[in-house]
Amino acid sequence: MNIDHSPLEAMSRRAFLANSGLGLGGLALATMLPQTGWAARPPHFPAKAKRVISLFMHGGPSQLDLFDHKPRLKALHGQELPSSVRGTQRLTGMTSGQKAFPVTASAFRFAQHGSNGAWVSELLPRTASIVDDLCIIRSMHTEAINHDPAVTLLQTGHQQPGRPSFGAWASYGLGRDSENLPAFVVMISRGSAARPADPLYARLWGAGFLPSNHQGVAFRSSGDPVLYLTNPAGIDIDTRRDQLDVLAELNRQQLAAHHDAETATRIAQYEMTFRMQTAVPDLTDLREESEATFTAYGPQARQPGTFAANCLLARRMAERGVRFIQLYHRGWDQHYNLPSDLRLQCRDIDQPAAALICDLKQRGMLEDTLVVWGGEFGRTTYSQGKLEPTNYGRDHHGGCFTMWLAGGGIQPGQVYGETDDFCFNIARDPVHVHDLNATLLHLLGIDHTRLTYRFQGRDYRLTDVHGRVVQSLFV
Amino acid sequence: MTSPGPGWVYRFARGETAAKTTSLVVWLIAVSVGSAAEPVSFNRDVRPILSQHCWRCHGFDPAARKSGLRLDERPAALRPADSGHAAIVPGKPDESALMSRITATDADLQMPPPEAARRLSAQEISVLKQWIAEGAEFQPHWSFAPIKRTAPPKIDGVAHPIDAFVAAKLQQHGMELASAAAPAALRRRVSFDLTGLPPTLDDLDRMSTESYEQYVDRLLSSPHYGERMAVDWLDAARYADTDGYFGDKPRQMWLWRDWVIEAFNHNLPFDQFTVEQLAGDLLPNATTQQRIATGFNRNHMSNDETGLIDEEYRVEYVVDRVETTTATWMGLTVGCAQCHDHKYDPISQREYYQLFAFFNNVPETGLLSGHNAPPRISVPGESQQLALTELAAMTQAAERTFEPLKMSLSMACRESEARLLDTLPTPPADDILIHTSCESPLSPRWRALGTPLQSHPGIRGGALKFDATQHLEADLPEWNPDGPWTIGFWLFAEGSLSCPLSMIEPEGNRRGLEILWQKGRFVIHLVHEWGTNAIEVATREPVAAKQWHHVAITHDGSRLATGVRVFVDGDAVSLDIRRDALTQTLTTRQPLRIGRRDEGLGYYGLLDEIAMVSRTLTPDAIANWKRGERLRGILETPADRRPARDTEVLLDDYIDHQAEPAARTARDAVQQARAAEQQLKASIPVALVMDELPQPRPTRVLERGQYNKPGDEVTPGVPAALSQWPSDAPRNRLGFARWLVAPDNPLTARVAVNRLWKQCFGEGLVRTINDFGTQGEPPTHPELLDFLATTFQDSGWDVKALLRLIVTSDTYRQRSQFVLKDDEPVDPENRWLARGPSFRLPMEMLRDQALVAAGLLKPRIGGPSVKPYQPPGLWEDVSYNAEESYEPDRGDGLWRRSLYTSVKRQAPPPALLLFDGPTREKCTLARPRTNTPLQALYLLNDDTYVEAARQLASDCLAATKTDDERFTRLSRRVLSRTLRDAEVLPLRGLLDRQRLRFRAEPKSADRWLTVGTVPVPPTVDAVELAAWTVVAHTMLNLDEAVTRR
């Protein structure tokens, strides 16, 4: 796909619009509007997934306590991690100075689930029940070992700020599928762990050097769901309509005088605000959801701003054609007190995430909706700080971690990749963050090497100069 | 070409200004190689093709070079390659291997290879063919070649040099300059371009008596000129008010920002502007202002994330300086050469690290601790300097008065000790639920779990020492946690997060209560069901760790967050209410735990004198409790074993409670003077500055750009392909800065004038404003660019003079209407300048315009950043543990110019992001220009605009009498012109309908008129004002209002 239209094509497009604004009255303009801005663009090749729901577990969930079962660690519990295993992997400054690296077995029970016998920890019973729908990748890896660079790498393909986020690339590459909603939406929820939540940054859903209209739009649980959506106090819908009509009339006069296509676009965008003022509240109004749905997603789904409520909203957005829906759930940074805090975090997300998969499946949407679960890195096999009888913590670990994918062309019921007995190194089928992004783009019908944008003399892409599509994950 | 399909609608109307991202080749072919008769130009026609398709593998970088073939210089390209064939045989395309490879269909032979992202078009192939046929001449890349001194072409009737260059090009394309814009439109245009503000009514009134040139001079001498110039510079310099990475802590750099404004206002020559910002600290006898100027290269982000590897980020800061400096002054992206030789431009990896070496000597660390990363300087203002001296004298004087008294007071205090013990208030004795003095052995009511308890000197006798491996439990079956209660204890906390006291379920609903220590703050959870039915409050001001504090928490049984109070060291402290949704009981069967939450969150530190009381103690009782225990603890220790600090505590207490009032006055005077001095010192602004290590840090080439893969050592230097290093320049930043502004540097002047051109025309003569390298676009008017560059240098780098030259040209003054031919716009991108430019105003100008039109703008220049209106909750969503809140200023801070708005990189002002502004994390030289519905929502619904519209309407109502006069005044204030009848008509209709509506709904009028903070005078006719406010609000949203034409 040639994303960048040539200037000549662009000129004629612009020319046409400017031109058509000249002799047209309100009626013709109105018929132009439904098209403006919302036509999707064709992918490089047929897409398996039309949209992505990313369930981002910010902080780095412990793969050792959730998915990557290491029964041998029980016997080694408390013993020093062999230096041959530790090798040369970089450790963060929080543990690199530790005198001891005691191997720490998970405090949680694991059992096999589903027809493929995937191991899942007791902390995620609902996830375990849908494991046949998931593809669990245990061999994710990243070179970043601190939150800021790791999450920036995962979301933008680069550890340092300045690049567009995945959702922005998706919006840029594929356009919108929704008439009245943005292509890229972000929702944030706060975890239940006592551990302080690590910071997020606007850049994680920013457009980087792409045009700013590709940046993610934050949907918020208090105040306006979309910033500035609601009319000011004292302005009702009729007054607003009146204002918009007068604006359109005067702007049409301006268009006729200046022939500037930007004016025609502006007229359309002001009309769009009016439609968004209906479309967004319609989206966020959960009253039409059935009792069964709330039962499935759990009682917190009724509490705006929770992960459960956001999962339900994500499904409603998916139904309405939002291209990239990203949930951030904060609080997965269990340096200390992992047993108690991880339990709380899992309780936040287990039921709603599983319910989302079932819900999508039931509605026939899972096949073209790609769901991604995971954080920016994993956690160490050794304990951070003192290993106590009932308590431990784990430091950041980029050497291996677990994510799961579902739907959208992903082969379900798969467990991909393997780590060593200590869950410190990858033993088989490594998947780098760039590989994951290349793979996700592929499912969206995009060749990651061809989705580029020229900035400062260089054709940038999400996967930088890296990335390999992991074909074996596909149906 | 003109068939409109869904594709074009998509791209255009998503709001991107059309054709911004360029496929250069197509454009070049279309406009330049129009006829086969015209010979091919290497730089114009061939270089882009080679650069785009060939040089990645056959270019400057030997590591990436394939098959030994090099196509970026003539001798190498003519030499037979490994295959034995010469890629290029001049004059003989048919014998040139290049031609056979690019036209091959066999996948093994085809070039670029089949896996390449792009293929050559037929048009590109024919250009290469023609070029080889014409002799395959190479030219150096235009921007690396010396700036040519060019004279404007002679064109009849054209006096202004810019117009001569432009008219000559227009003639070539069969076009001509458009007529001049209307005088008022022109004033509006030039006022925005030079001051960022619309013309005032007075500026418009002066049109008949003041020439355009005089007006331009007035604008250039306005203090608002420097503000407007600073905005673009702040983008380039990635200026912000926070550190950016991870915790994104506040930083102070506004002194540097003010330096920039002042520098522009004083028209500091651009060479000096350059030298001072890059190396002001290295100038002989550097002034404070020159050191502040170096903040340019300290505006980069800083990282405070615990556990990061120091050198990794220290290197990152140097990388950022190199990138920002080269992009801003040289228009080059050298970043590619951080990992390998540049693939397109002649910059080797070694040369990259030679540049790096200039910026590698700052005494700094990668891991930021505290605020305002050193090196930094404190810069007291004049009045602060005076006050400092005064306060120091006051402290001294107070001490001199108090010292003699102190001697006798200390003696009296010691004598009173025995009596004091009898008169001290006792800790609460009634309604005690449980108490422990933390002496071992503990009463049998307590169960000790985990590792053995340790004792440690405490507030009274011993305290218990915890290290998260042990805790105490006790059962409190008689306690009703839903009724009133008080919990008090002494705490000496270590670590960042732990739980000193809890009574909470570990799983399920997590019902109960817990007190957490979180980096100096106390967080209290009262929970029926966590997440849905709970109270969470946190103390706002952190207290010091590793010090004793008395903590008391009271609850009045109301189940409201406001019913919870926290007292630290005897005083009530302010709380943030994070959750307030408790409606049901807290009762749980869990035991009271001391030193742990449940199975996790063990406490690190000391605890002493823990008590729970089944009523709400009064503030007085709590203050007494604290005092009684503290003093008892001291008095029970023999005097010779007391720490000095405890003796001070006793003395203070003696002075407070027993001494003569005069003693208290004298003591208070000392304390107040010291506090005032401290407070003043803390308020003195600081600025991050550049500094040099006494011994330069060795710089090594970093393999693949990695901080931990150092290779060969390099010395500071500049790329060989550019101009020579001045023989007398020192090999440091100062020398580098002098090299940049040396007359033979081919880039600096071109890049600078191109940016000034963009300021006035919306686009540069080189459209790729941040890429003057081989991948960028060549200038549309190369001779004009070089003329401006030499003029700029010759003038002594006079920025105001260059701007004046540009805005007084007819080219600038043309009307901006699109020119149509056969109903198609001619040159819609305005490359040939047959019309004046038009574009949507940047965010800063949009908001400033509304404030000016409303008469709200506070015109003060400079000072600390401000916080205007912003929807609540945005900082909480993303900040560390939701700890930071945006609190809008009260008063003037709401209406200062937008460049003073505080920028938090993690959560920049939302309007800035909506209107294409950067996050200020990286150097930004050009903002995109989009046109989106979210922008429309902001302009329609943000408080700023509603308040501005109301003030604007108020002004019109007060200043004029009739509707007609009011429409005129309104439109002059917003659009700088009067309305035509056809425009008044719909507005009049709107006004009349809104009058009817507000008359029928006076409450709506009241609500509409109370948005914002400026009060509406009670005498005003609310209906009339409300209706006119709707009209003004509509006007502020007009396409014409938000666009600079």
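Visitor: Which residue of β8(A) is the bridge partner of A:R51?

Guide: In this predicted model, A:R51 has A:T369 as its bridge partner in β8(A).

Visitor: What makes β1(A) and β8(A) a pair of strands?

Guide: Two strands pair if there are at least two bridges between them. Strand β1 (residues 51-58) of chain A and β8(A) have six bridges, in the parallel sense, so they meet that cut-off.

Visitor: And how do you know that β8(A) also pairs with β11(A)?

Guide: The cut-off is again at least two bridges. Three bridges join β8(A) to strand β11 (residues 401-406) of chain A, and these two run antiparallel. If you want a spot to look at, A:V372 stands opposite A:L405 in β11(A).

Visitor: Why is β8(A) called mostly covered?

Guide: A residue is buried if 20 or more other C-beta atoms lie within 10 Å of its own. In strand β8 (residues 369-374) of chain A, six of the six residues are buried, so the strand is called mostly covered.

Visitor: Which residues show that both faces of β8(A) are covered?

Guide: On one side you will find A:T369, A:V371 and A:W373, on the other A:L370, A:V372 and A:G374, and all of them are buried.

Visitor: Let's step back to the whole chain. Why is chain A called as compact as a globular protein of that length?

Guide: Chain A comes to 13 helices and 17 strands. Its radius of gyration is 24 Å, and the globule rule gives 23 Å for 475 residues; the two values are close, so chain A is as compact as a globular protein of that length. Of those 475 residues, 65% count as buried. Among contacts between residues at least 6 apart in the sequence of chain A, 77% join residues at least 24 apart.

Visitor: Over in chain B, how do you know that the length of helix α16(B) agrees with what is expected?

Guide: Helix α16 (residues 310-330) of chain B has 21 residues, which at 1.5 Å a residue should span 30 Å; the end C-alpha atoms are 30 Å apart, so the two agree. The helix is also mostly covered, with 17 of its 21 residues buried. After α16(B) comes B:G331, whose phi is positive, near 60°.

Visitor: How many residues does each chain give to the contact between A and B?

Guide: Chain A gives 110 residues and chain B gives 120. On the side of chain A that touches chain B, the largest share, 13 residues, comes from α1(A). That side divides into 39 nonpolar, 46 polar and 25 charged residues.

Terms used: Residues numbered from 1 in each chain as written. Chains lettered and ligands numbered in written order. Predicted model: local features only at pLDDT ≥ 70, side-chain atom pairs only at ≥ 80, totals over all residues. Contact = placed C-beta atoms within 7 Å. Helix = DSSP H or I, 4+ residues; strand = E, 2+ residues; numbered from the N terminus. Nonpolar A, V, L, I, M, F, W, Y, C, P; charged D, E, K, R; others polar. Rg over C-alpha atoms; globule rule 2.2 N^0.38 Å. Buried ≥ 20, exposed ≤ 12 C-beta atoms within 10 Å, placed from the backbone. Expected span 1.5 Å × (residues − 1).
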